[in-house]
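This report introduces one protein model to a reader who has not met it before. Please keep the sequence and the structure in view while reading.

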Amino acid sequence: MEAAPSNPTHNIISTAPSAAISMNSSVATHRNPLRVDWPTVDGPLGLSEQESVNHARRFFNFGFLLLPWLWAVNCLYFWPVLRRPSSYYHPDLRRYVVRSAIGFTVFAVILSSWALTFSIGGERLFGHAWDKLVMYNVAEKYGLTGWI
């Protein structure tokens, strides 16, 4: 009969006689061989890791073509990659997903600040140019409100 270990934080998980991982700080840096993690939110039905890198790269690049919502889609679809440390998945995959998150955040901040400035500032901020900027004045100018 074996004696109980003196330090309970050094318990050993063994999947094979030659493979042992200590339960102390080194567990965070190694993949658990019993657990399969997928880079996409749809798990085993999703893409492999190499296909994921290709898709993440496409979403990231097409986001620069005035399609920033693709950055948001990239972040949502590869959500597990954002939640894990950088060493857990392919480094290129994490790089594209994190950059997409940064790009969408910058876009959302710029769009929100413009919308708030336009709606809160109004005529006081823009002066006489306000009549040319407001959409309902443009619709009246071209006779697009007659059907209402």
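## The nonpolar core

The largest nonpolar core has 11 residues, namely Val-53, Ala-56, Phe-60, Trp-71, Phe-78, Val-81, Tyr-88, Tyr-89, Leu-93, Tyr-96 and Val-97. Helix α1, which spans residues 49-63, and helix α4 each supply at least two residues of this core. In soluble globular proteins, nonpolar side chains tend to be buried together.

Leu-93 offers a way into this part of the model, which is a predicted one. When its neighbours within four places in sequence are left aside, Leu-93 is in contact with Val-53, Ala-56, Phe-78 and Val-81, and also with Pro-39 and Ser-52.

## Overall layout and confidence

The protein chain contains 6 helices and 2 strands, and when these are read along the sequence they follow the pattern β-β-α-α-α-α-α-α. Of its 148 residues, 22% count as buried, and the accessible surface comes to about 11000 Å², with 65% of that surface belonging to carbon and sulfur atoms. Among the contacts with a separation of 6 or more, 40% are between residues 24 or more positions apart.

The predictor's confidence varies along the chain: the average pLDDT is 75, and 69% of the residues score at least 70. Among the elements, helix α2 (residues 69-77) has the highest mean pLDDT, at 93, whereas strand β2 (residues 19-22) has the lowest, at 42. Over residues 7-28 the pLDDT is below 50, although this stretch has 21 contacts in the model beyond near neighbours in sequence.

## Helix α2 and its surroundings

Helix α2 holds the buried residues Leu-70, Trp-71, Ala-72, Asn-74 and Cys-75, and the buried residues of this helix pack against α1, α3 (79-83) and α4. One of them, Trp-71, also belongs to the largest nonpolar core. The C-alpha atom of Trp-71 lies 8.9 Å from that of Asn-61, with the two positions 10 residues apart in sequence numbering. Asn-61 itself is in helix α1 and is partly exposed, with a relative accessible area of 40%.

From the side of helix α4, Ser-100 touches Trp-71, Asn-74 and Cys-75 as well as Phe-60, not counting residues up to four places away in sequence. Is Ser-100 buried or exposed? Ser-100 counts as buried because its relative accessibility is 0%, and the cut-off for that class is under 20%.

## The salt bridge in helix α4

A search of the whole structure finds 1 salt bridge, which Asp-92 forms with Arg-95, their closest N and O atoms being 3.1 Å apart. Side chains of opposite charge can pair when their charged atoms come close. Why are Asp-92 and Arg-95 separated by about one helical turn? The reason is that they are 3 residues apart in helix α4, which covers residues 91-126.

An α-helix has 3.6 residues a turn, so residues three or four places apart point the same way. Both partners of the salt bridge are partly exposed, Asp-92 with a relative accessible area of 27% and Arg-95 with a relative accessibility of 34%.

## A nonpolar patch on the surface

Not every nonpolar side chain in the model is covered, for Ile-102, Val-106 and Ile-110 make a nonpolar surface patch of about 280 Å². Of these residues, Ile-102 has its place in helix α4, the helix that also supplies at least two residues of the largest nonpolar core.

Methods:
Residues numbered from 1 in each chain as written. Predicted model: local features only at pLDDT ≥ 70, side-chain atom pairs only at ≥ 80, totals over all residues. Heavy atoms only, no water. Helix = DSSP H or I, 4+ residues; strand = E, 2+ residues; numbered from the N terminus. Buried < 20%, exposed > 50% of the residue type's maximum accessible area, 1.4 Å probe, protein only. Contact = heavy atoms within 4.5 Å. Areas by Shrake-Rupley, 256 points an atom, 1.4 Å probe, with all protein chains shown as cover. pLDDT = per-residue confidence, 0-100. Salt bridge = Lys/Arg side-chain N within 4 Å of Asp/Glu carboxyl O. Patch = residues over 30% accessible without salt bridge, like charges linked within 9 Å, V, L, I, M, F, W, Y side chains within 5 Å. Core = buried A, V, L, I, M, F, W, Y, C linked by side-chain atoms within 4.5 Å.
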